[in-house]
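Reader: I'm new to protein structures and would love some help reading one. Could we go through it together?

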Amino acid sequence: MNIFSPRFISDKEFDDNFPKEIERLSGKHWAPATIAKRAAKFLVNRPGIKVLDIGSGAGKFCIIGAACSDGFFTGVEQRQNLCEVAATIAQHYHVSNVKFVHANVMDIDFSQYDAFFFYNAFYENIEGGNAIDKSVDLDPELYQRYTLILTEKLSKMPAGTRLVTYWGEWMPEGYELVYTNGNDSLRFWERRE
Ligand SMILES: C[S@@+](CC[C@H](N)C(=O)[O-])C[C@H]1O[C@@H](n2cnc3c(N)ncnc32)[C@H](O)[C@@H]1O
């Protein structure tokens, strides 16, 4: 099965691979297929670029991004079951330039990566009604702490580092906004300092 054949995969086709309880989260929590493709095209500006998805969920951004580019995608995700689902779907589509790591992104060494995708991953800490499930501790204090540490980690990356943010008001320090879509949900950034 191929994500591009006979035409680019729709959200419904991709989401049909998920177990029901994960599929129902898609509209709110997993990147739409067209967003994943556009973000990947910006992030992978040369072959072999190593892209980190900060909070990769069920793998939708990473798998679609990897399938439509020649970058290498790593998703880090705090929920083990989501990592397992993601790996199964990557295998199903024979997408090999992707892997999933079960970890807290706070423990990840960003210097091992060239480019980053961030879909408002910490938001469920401040909006309980938006939680994926009850398997991890959610706390507004974590939102503050994670956001601060993420800002610090990204501020240590070299000039030219690319970042895509999807939803959320957070803005990275030292990055120039190079593109935003109509409703400001999708933003492309490049480190200038
Ligand atoms: C909005 S979803 C985005 C999923 C994926 N990036 C996509 O676009 O399809 C955010 C994910 O980040 C994960 N997450 C939140 N905080 C995390 C942390 N500190 N470390 C690892 N994963 C985290 C959540 O469990 C959730 O699956």
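**Around the ligand, then outward**

Author: Sure! Keep in mind that this is a predicted model. Let's start at the ligand: α5 (60-67) and β2 (72-77) each give at least two residues to the shell around it.

Reader: How many residues surround the ligand, and which are the closest?

Author: The shell has 23 residues, and the closest are Ala31, Gly55, Gly57, Gln78 and Ala121. Sorted by class, the shell around the ligand holds twelve nonpolar, seven polar and four charged residues.

Reader: Back to α5. How many of its residues are buried?

Author: A residue counts as buried if 20 or more other C-beta atoms lie within 10 Å of its own. In α5 that goes for eight of the eight residues, so the helix is largely enclosed by the rest of the structure. Among them are Phe61, Ile63 and Ile64, along with Lys60. For the chain, 39% of the 193 residues count as buried.

Reader: What is the order of the elements along the chain?

Author: You'll find seven helices and seven strands. From the N terminus, they go α-α-α-α-β-α-β-α-β-β-α-β-β-β.

Reader: And what is the radius of gyration of the chain?

Author: Here you compare with a rule for globules. A compact globule of 193 residues would have a radius of gyration near 16 Å, and the chain has 16 Å, so the two agree. The C-alpha trace spans about 40 × 40 × 30 Å along its principal axes.

Reader: What share of the contacts joins residues 24 or more positions apart?

Author: Counting contacts in the chain with a separation of 6 or more, 61% are between residues 24 or more positions apart.

Definitions and conventions: Residues numbered from 1 in each chain as written. Predicted model: local features only at pLDDT ≥ 70, side-chain atom pairs only at ≥ 80, totals over all residues. Near = placed C-beta within 6 Å. Helix = DSSP H or I, 4+ residues; strand = E, 2+ residues; numbered from the N terminus. Nonpolar A, V, L, I, M, F, W, Y, C, P; charged D, E, K, R; others polar. Rg over C-alpha atoms; globule rule 2.2 N^0.38 Å. Buried ≥ 20, exposed ≤ 12 C-beta atoms within 10 Å, placed from the backbone. Contact = placed C-beta atoms within 7 Å.
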